[in-house]
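Biologist: Could you walk me through this model and tell me what stands behind the words you use for it? I would like to hear the reasoning as well as the values.

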Amino acid sequence: MSVRRSTVIFAWILLLPAVLYVSVIVAYPLVDTFILSFTDASLKKTTKWVGTANYDKIFNATFAEVIVRTFVWTAFSVAIKMIIGTFGAVMLNAAVPGRALFRVLTMPPWIVPMAIGIFMWGWMYNGQFGMISGMLQNWGLVDGPVAFLAHGSTAFWATIITDVWIGVPMVTLYMLASMQAIPQDLYEAAWTDGAGRFYRFRRITLPLLVPSMITMSMLSLIATFNSFDIIWILTQGGPNGDTTTMIIDTYRTAIGSKKYGEGAARAVLICIFLSIFCIAYFRVTHRLASGEGR
Amino acid sequence: MSQPAMINRYRWYELVGIYAGIFVFLSFILSPFVEGFLVSLKPLGLLFSSPYRFWPQNGSFDAYRSMWVSVPGFARYIFNSFFISTIVTAVVLVLVVPSAYAFARFRFRGSGALLAAFLAVNMFSGAVLLIPLFRLMRSFGVLNTYFAMIVPGVAFLIPSGIWLLRTYMMRIPRELDEAAFVDGASHFYTLRRVILPIAMPGITVVAITTFIGSYAQQFIFALTFNSKTEYMPLPIGLYAYFGRQEVVWNELMAASFVGIAPAVVLIFLMQRYLVAGLTAGAVKQ
């Protein structure tokens, strides 16, 4: 069927509302962020161009620390999410009674309002009366109360654990779906040849899961890099900035201190990193897709 | 006995291992909910005492009554959350259904790039674009209204909606459209009378996932673009209490549980659609 002109026009009419909407609410702000990053925009009425002053100002030791921290935080969070999430998927893929229920029970962290799950973690991390500190004391593993959110190193890990908790259901369900897409006859053929369960897992399941693992890690990387709610609710980037990631830093500068220009410069840097991740994602998934065709 | 049944038969130690693994995994997932629920049953005196006790002694549902008094806006917050999510879902559907059809059926110059551009929206969180969005909402004059939370919320839910529904619509046989054309139906008529009825299950899945996404992610826009108590969605309404020096934890947890109840009921009713919906397009991309 040749593409007729009226068809193309019809397609564009269908697309127009969504295209317009996203242009105004996403594309325009993206451009505006870039423009603002070269101004001294703030609550003042007047705004003037300041060239690259905002960028000069942020490239200092503190900001380098924020970038490194963001990457370390993200890397640990994604890695742990993938390990726990894949582990859960492997377990829930076993044909045992009750697995339908177990799968449903995996979903709550993802589906309840995020902030509410984080409140619960906030209480569990409480030093005087919280569950984790309390349990550790009852078991004699620590001597006194541990206020997890009050110290830099523990707060860093506490926020990671909560981020992992929210991200795991997505990884598990995705990996579960990928596992169920593996043709059953592969297993049956191996089984007929006398291959054991563990051997089948290592030689069939794992290799065929690698593409999904790569795809999921990259999706997870983008989402985790953007993580805001968890750190903001638990620590607001503290103590002493030890959980301040780039997103939190941008929010504090722009919304907290009303320095829109400086905040925009930080946001532009985040966008650059995200674009790199996104291009990598498209390339990798494209390569994986064409690899499967061979 | 058939082969699949034999292949799936586990020895006793394998079963023990699998159930142990599932137990450890679900403990991590569910412990905050279990702890949160037990906290909501504990009287404050027991809560703020050491040593820590996991099980509530003389637990009661008192907090579920008293919270309505100590969190005066509670009913309003829940209403706001539902109201915002409902409007967001409606707007998303209006925008997503036609574009998903266009992407599923028509190939024209730039359609691939446009689809990629839509998907790329997914990689930006609202947090990155907060400054211009704030200025935009201010110039629209919608700061401190429902719109300030609805308008940006919609934009970030469009991409996954398009992707999901496009995948679904591509599975509808093309012959149906063509048969309608041959009978002299217009494009618009075909979409409305042929495609939409068949695509209803897919549209339902998109509606559910959008609603849940919107219900679960009401935080940053509500935190930044609205300061009026009467418009606050549940997470922000409760956050105001969370931030205080003396948090009444049992009531906060009780309120949280009542607040998440609708989502939990939805999960159980819709679980089949959810798993299908949330992971659609995931495997075959």
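Modeller: Happily! Along its sequence, chain B reads α-α-α-α-α-α-α-α-α-α-α-α-α, with 13 helices and zero strands. Please keep in mind that this is a predicted model.

Biologist: What makes a run of residues in chain B count as a helix?

Modeller: A DSSP run of H or I needs at least four residues. Helix 3 of chain B spans 44-47, so this run meets the cut-off of at least four residues.

Biologist: How do you know how chain B compares with a compact globule in radius of gyration?

Modeller: For 285 residues the globule rule gives a value near 19 Å, whereas chain B has 24 Å. The C-alpha atoms of chain B fill a box of roughly 75 × 70 × 30 Å along the principal axes. Buried residues make up 43% of chain B. Of the contacts in chain B with a separation of 6 or more, 79% join residues 24 or more positions apart.

Biologist: Which domains does chain B have?

Modeller: The domain assignment gives domain 1 (3-60) and domain 2 (67-279). Their centres, taken over C-alpha atoms, are separated by 32 Å.

Biologist: What makes you say that domain 1 and domain 2 of chain B are in contact?

Modeller: Seven residues from domain 1 of chain B and seven residues from domain 2 of chain B take part; a pair counts when the C-beta atoms lie within 7 Å. On the domain 1 side, helix 2 of chain B gives the most, with four residues. By class, that side divides into four nonpolar, two polar and one charged.

Biologist: Why is helix 2 of chain B called bent at B:L30?

Modeller: The bend is the angle between axes fitted to the seven residues ending there and the seven starting there. At B:L30 that angle is about 55°, and a proline, B:P32, follows within four residues. B:P32 is also one of the buried residues of helix 2 of chain B, which include B:I29, B:F33 and B:G36.

Biologist: What does UniProt list as "transmembrane region" in chain B?

Modeller: The unreviewed entry covers several spans, among them 77-101 and 113-134. Residues 77-101 of chain B are 100% helix and 0% strand, with the end C-alpha atoms 36 Å apart. Residues 113-134 of chain B are 64% helix and 0% strand, and there the end C-alpha atoms are 29 Å apart.

Biologist: Now for chain A. Why is A:K44 called exposed?

Modeller: A residue is exposed if 12 or fewer other C-beta atoms lie within 10 Å of its own. A:K44 has 10 such neighbours, so A:K44 counts as exposed. A:K44 is found in the loop between helix 1 and helix 2 of chain A.

Biologist: Which span of chain A does UniProt list for "domain: ABC transmembrane type-1"?

Modeller: The unreviewed entry lists residues 67-281 of chain A. That span is 76% helix and 0% strand, and its end C-alpha atoms lie 21 Å apart.

Biologist: How many residues does each chain give to the contact between chain A and chain B?

Modeller: Chain A gives 85 residues and chain B gives 82 residues. Helix 1 of chain A supplies the largest share of the chain A side, 17 residues.

Biologist: What class of residue is found on the chain A side?

Modeller: That side has 65 nonpolar, 15 polar and five charged residues. Gly counts among the polar ones.

Definitions and conventions. Residues are numbered from 1 along each chain as its sequence is written. Chains are lettered from A and ligands numbered from 1 in the order in which they are written. This is a predicted model: local features need pLDDT of at least 70, side-chain atom pairs count only at pLDDT 80 or more; totals for chains, interfaces and linings use all residues. Two residues are in contact if their C-beta atoms, placed from the backbone, lie within 7 Å. Helices (H or I, at least four residues) and strands (E, at least two) are DSSP runs, numbered from the N terminus. UniProt positions are given in the numbering used here, feature names are shortened, and annotations may be inferred rather than shown by experiment. Domain bounds come from an automatic or database domain assignment. A residue is buried if 20 or more other C-beta atoms lie within 10 Å of its own, exposed if 12 or fewer, and partly exposed in between; C-beta atoms are placed from the backbone. The radius of gyration is taken over C-alpha atoms; the globule rule is 2.2 Å times the number of residues to the power 0.38.
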